[in-house]
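Ready for a few exercises? Have a look at the chain below, try each task yourself, and then read through the solution.

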Amino acid sequence: MSSLRQDPLTGRWVIIAAKRQGRPNDFRRPGRAEEDLCLRAAPQADCPFCPGQEHQTPPEVMATGRHQGGEANSPGWQVRVFPNKFPAMQAQPMLLDDPDQTADPLLRPQGDAIGGHEVLVCCPGHQESLASLTVDHLAQVLFGVRERVRILGQEHTNARYVLVFGNHGPEAGATLAHSHLQIITTPVVPILVVDQMANFIRHDEVAGSCLLCDTLESEESAKVRLVSCNPGWVAVAPWASRFAYEMKLIPRRHAASMLEATDSELHHLADLLKVCLNRLLGCSPNVDFNLVFHNAPVASTAGSGYGNEKLDALMDASGPARELFHWHLEILPRLSRLAGFETGTGFAINSLPPEEAAARLRPEGI
Ligand SMILES: [Zn+2]
Ligand SMILES: [Zn+2]
């Protein structure tokens, strides 16, 4: 029987179509085009992210692991960060077309796409993945992410949001196989973040508590959607999962952004991330996925405009509203492609109920 579920955090609707559910094998990733296989098996010599190819990337802005005296932009690193060679956001303003040339005010440019766009290469090994790295190495990756989020948010005075995400595999949008994350600042607070912020505020007004803190409590009590947990974090298959084997990783301690996370909390996150990714790969070998960090908007409101008025009005009305945000991560496996219904409605259809996904993903005895 199908059911309609609404994600209390984003407001998005999902159809859980259990009747469409097939055998476990039906959730294997779809067949690949030949070029996809080439991407996955890209030889190390052609990879700009491999040690020894540092000259192929813009100069690094951060690297860990080199011995003292090791030269920048040379091998020996463990985690390496540099500006994206093909950025979605430009560091400098570009000349816009004269807006007066466009008669329709709705079609005028809202401003330059100015911001930072960096690549964080997670490890020197070309064949490694986030799931295969040690917990200590994954923690180093997360420390690097936290540092670059902090610096990019400060350097780009127009930044209203800093997005961190990873595309693993071609179905998830990766164009290079070597494991990496991307960090982008935008002068626009994404609609999705505005919606989440609004729901945190609304829940606080109605219940006097945090939506995700409450979710943590109820999911730990119900257990049916619980995937794994440790002293710092809980992973659940969300009630309104859009994708088969979708997971949400939530820190136990309420904090608006990963900037507030302690080293110990990030170490616990590294531990949980490794567990969750390996469980996912155990259920669906070679699955492609996106990893998305959800943080509160940047504290500064310097970059107003760009349609941020809705969020600014919300924040103004609610005092320290930003602190109501509860940061978290999502693992979004890409086992099916968006079809007409999804693009036409914004709804997702998920044929693997999260309760069933969690049962497959969780270890015995949790
Ligand atoms: Zn490589
Ligand atoms: Zn909370």
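**Exercise 1: a small sheet**

In which sense do strand 1 and strand 2 (residues 13-17) pair, and over how many bridges? Then work out which strands stand at the edges of their sheet.

*Solution.* Keep in mind that you're working with a predicted model.

Step 1. Strand 1 and strand 2 pair in the antiparallel sense, over 5 bridges. Pick out S2 as an example: its bridge partner in strand 2 is A17.

Step 2. Now write down the order of the open sheet, which has 3 strands: 1-2-13, with mixed pairing. Strand 1 (2-6) and strand 13 (348-350) each have a single partner strand, so they stand at the edges and one side of each is left without a neighbour in the sheet.

Step 3. Check the twist: on average, neighbouring strands here are turned by 25° against each other, direction ignored.

**Exercise 2: the zinc site**

Find the protein donors of the zinc ion (ligand 1), and explain why their arrangement is tetrahedral.

*Solution.*

Step 1. List the donors: C47 (SG), C50 (SG), H126 (ND1) and H178 (ND1), which lie 2.0 to 2.3 Å from the zinc ion.

Step 2. Look at the angles. The 4 donor atoms subtend 105 to 119° around the zinc ion. For four donors to count as tetrahedral, all angles must lie between 85 and 135 degrees, so the arrangement is tetrahedral.

Step 3. Go along the sequence, where the donor residues are spaced C-x2-C-x75-H-x51-H. C47 sits in the loop between helix 1 (34-40) and strand 3 (62-64), while H178 sits in the loop between strand 6 (161-168) and strand 7 (180-186), so this pair ties together parts that are 131 residues apart in sequence. Both C47 and H178 are buried, too.

**Exercise 3: one leucine**

Is L273 buried or exposed, and which residues does it touch, leaving out those up to four places away in sequence?

*Solution.*

Step 1. Locate L273: you'll find it in helix 5 (residues 263-283).

Step 2. Its relative accessible area is 1%. Buried means under 20%, so L273 is buried.

Step 3. With those sequence neighbours left out, L273 touches L138, L249, L291 and I331. As for A235, 38 residues away along the chain, its C-alpha atom is separated from that of L273 by 8.8 Å.

**Exercise 4: the whole chain**

How many helices and strands does the protein chain have, and what percentage of its residues is buried?

*Solution.*

Step 1. Count the secondary structure: 8 helices and 13 strands.

Step 2. Of the 366 residues, 48% are buried.

Methods: Residues numbered from 1 in each chain as written. Chains lettered and ligands numbered in written order. Predicted model: local features only at pLDDT ≥ 70, side-chain atom pairs only at ≥ 80, totals over all residues. Heavy atoms only, no water. Helix = DSSP H or I, 4+ residues; strand = E, 2+ residues; numbered from the N terminus. Buried < 20%, exposed > 50% of the residue type's maximum accessible area, 1.4 Å probe, protein only. Pairing = 2+ DSSP bridges. Axes fitted to C-alpha atoms, helices over the stretch in contact; angles between N-to-C directions. Donors = N, O, S within 2.8 Å, 3.2 Å for Na, K, Ca; no water. Tetrahedral: all angles 85-135°; square planar, octahedral: opposite > 155°, others 65-115°. Contact = heavy atoms within 4.5 Å.
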